[in-house]
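Student: I should like a close look at the enclosed space in this model. Please describe what surrounds it, and then connect that description to the surface, the backbone and the charged pairs elsewhere in the chain.

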Amino acid sequence: MTRTASGAKVLITGAAGGMGRMYAERAVTEHAASVTLWDRDAAGLARTVDELGAISRGRTRIQSFVVDVGDLGAIAKTAQKVRKDVGNPDVLINNAGIVRGNRYFWETDNGDDTRPTMQVNALAPMYITREFLPGMIAHAYRPARIVNIASAAGTLANPRMAVYAASKAALIGWSDSLRLELEQADHGNVKVTTVTPSYISTGMFAGARGPLLAPVLDPDYVVDRVWRAMLDGRPLLELPWSVGLSRALRGLLPTRLFDRVVGDGFGVYRSMERFTGRR
């Protein structure tokens with residue numbers, strides 16, 4: 001799987017549109033055996049299936065499941081249907097995510113903001129991966145890939161997105177620990193890639209401003225980089241390069257100095273002040 005996803009069974013969450021759809025198109029273009037799409041948007045899923053079908057022309061089996069991954073109880077039921085109808089995936093892209101921003105933490109609501117953000121961004125990838133990972137391990141002769149789309153926010157505190165940052169920090173910690181566990185247990189056919197991008201111009205972070213050295217990223221560029229990292233089995237993909245620099249400076253500088261240099265000087269701590277998100 002170092003060059004192409006040809007012949008692989010691919011499952012993507014948050015696949016009705018945006019970057020999830022773009023990952024699916026990439027899989028279809030490379031003649032994946034099957035592409036399974038998860039999303040809560042039934043109408044969007046139907047459109048995406050039709051569009052991908054026109055591209056595939058029957059070479060790739062395309063199937064969709066309407067599921068809200070924030071409903072953790074629905075994950076096991078839907079995974080069972082996937083295993084029965086399509087088979088266990090070889091490639092799992094945990095792409096679904098939500099953001100509640102431009103408010104201080106004490107202005108958010110536990111039920112409307114904190115709980116769904118943690119469920120969708122942090123717990124759902126764990127639940128979904130737990131459903132399909134045993135099958136990946138069992139088929140040791142087949143290369144398998146797990147891609148977890150986290151965020152630079154999980155590596156760096158940022159005002160007005162406290163819960164989002166917490167959810168992505170949890171995802172990063174779990175994702176890289178899972179990578180190490182698989183290596184330690186000698187399940188080398190399954191490789192985990194953790195992705196920590198800065199803001200991407202998909203509409204999800206509309207209004208957010210890219211800090212110094214971290215311009216808002218183009219979705220096509222991100223999808224291409226993620227796809228290549230996935231095929232290569234690369235452990236970590238930081239986009240842009242300045243995400244790694246900020247992480248290094250966070251470990252080197254005293255907290256207050258870091259706040260002044262990176263948080264205020266680079267504009268990170270002001271990047272969400274004009275955030276609107278999708279309307």
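Tutor: In this predicted model, one cavity reaches 30 Å³ or more. The volume of the largest cavity is about 70 Å³. As a general point, empty space left between atoms is revealed by rolling over them a probe the size of a water molecule.

The lining of the largest cavity is made up of 13 residues, and those nearest its centre are Arg100, Arg103, Thr108, Ala162 and Val163. By class, the lining comprises six nonpolar, three polar and four charged residues. Helix α5, which spans residues 162-184, supplies the largest share of this lining, namely three residues.

From the lining one may turn to a patch on the surface. Tyr104, Phe105 and Trp106 together make a nonpolar surface patch of about 390 Å². Tyr104 belongs to the loop that runs between β4 (91-94) and α4 (110-138). Its class is partly exposed, because its relative accessibility is 33%; a residue is called buried under 20% and exposed over 50%.

Tyr104 also serves as one end of a distance across the model. Its C-alpha atom is separated by 43 Å from that of Gly188, and the two residues are 84 positions apart along the chain. Gly188 sits in the loop between α5 and β6 (190-197). With a relative accessible area of 47%, Gly188 is partly exposed.

The loop that precedes helix α5 has a backbone feature of its own. Arg160 lies between β5 (144-149) and α5, and its phi is near 75°, a positive value in a residue that is not glycine. Arg160 has a relative accessible area of 22% and is therefore partly exposed.

A positive phi is also found at His31, again not a glycine, where the angle is about 65°. The loop that holds His31 connects α1 (18-29) with β2 (34-39). At 38% relative accessibility, His31 is classed as partly exposed.

Next to His31 in the numbering is Glu30, which brings us to the charged pairs. In general, side chains that carry opposite charges can pair when the charged atoms come close. The count of salt bridges is 14, under a cut-off of 4 Å between a side-chain nitrogen of Lys or Arg and a carboxyl oxygen of Asp or Glu. One of them joins the side chains of Glu30 and Arg26, with an N to O distance of 3.5 Å. The partners fall into separate accessibility classes: Glu30 is buried because its relative accessible area is 16%, whereas Arg26 is partly exposed at 24%. This pair belongs to a network of salt bridges that links Arg26, Glu30, Asp224 and Arg228.

Another salt bridge is formed by Glu238 and Arg247, whose side chains meet at 2.7 Å, N to O. Glu238 counts as buried, since its relative accessibility is 18%, while Arg247, at 41%, counts as partly exposed.

Strand β7 (236-239) is followed by a loop that contains Pro240 and leads to α7 (242-252). The peptide bond that joins Leu239 to Pro240 is cis, with omega at about -10°. Helix α7 is also where Arg250 is placed. Arg250 has a relative accessibility of 35% and is therefore partly exposed. Although twelve residues separate Arg250 from Val262 in sequence, their C-alpha atoms are 8.6 Å apart in space.

Helix α8 (residues 255-265) contains both Arg256 and Asp259, which are three residues apart, or about one turn of the helix. These two form a salt bridge in which the closest N and O atoms are 3.8 Å apart. Arg256 is exposed because its relative accessible area is 62%, whereas Asp259, at 18% relative accessibility, counts as buried.

To return to your request, the enclosed space has a lining of 13 residues, to which helix α5 makes the largest contribution, three residues. The lining includes four charged residues beside six nonpolar and three polar ones.

Notes:
Residues are numbered from 1 along each chain as its sequence is written. This is a predicted model: local features need pLDDT of at least 70, side-chain atom pairs count only at pLDDT 80 or more; totals for chains, interfaces and linings use all residues. Side-chain values use heavy atoms; hydrogens and water are left out. On a 1 Å grid over the protein atoms alone, a cavity is a set of points where a 1.4 Å probe fits but cannot get out, and a pocket is an open set with protein on both sides within 12 Å along at least five of seven lines; lining residues have an atom within 4 Å of a point. Grid points are joined across faces, edges and corners, and a volume is the space filled by probe spheres set on the points. Helices (H or I, at least four residues) and strands (E, at least two) are DSSP runs, numbered from the N terminus. Ala, Val, Leu, Ile, Met, Phe, Trp, Tyr, Cys and Pro count as nonpolar, Asp, Glu, Lys and Arg as charged, and the others, Gly among them, as polar. Patches are made of residues with over 30% relative accessible area and no salt bridge: like charges are joined within 9 Å, nonpolar side chains (Val, Leu, Ile, Met, Phe, Trp, Tyr) within 5 Å. Accessible areas come from the Shrake-Rupley method with a 1.4 Å probe; for residues, only the protein chains shown count as cover. Buried means under 20% relative accessible area, exposed over 50%, partly exposed in between (1.4 Å probe, protein chains only).
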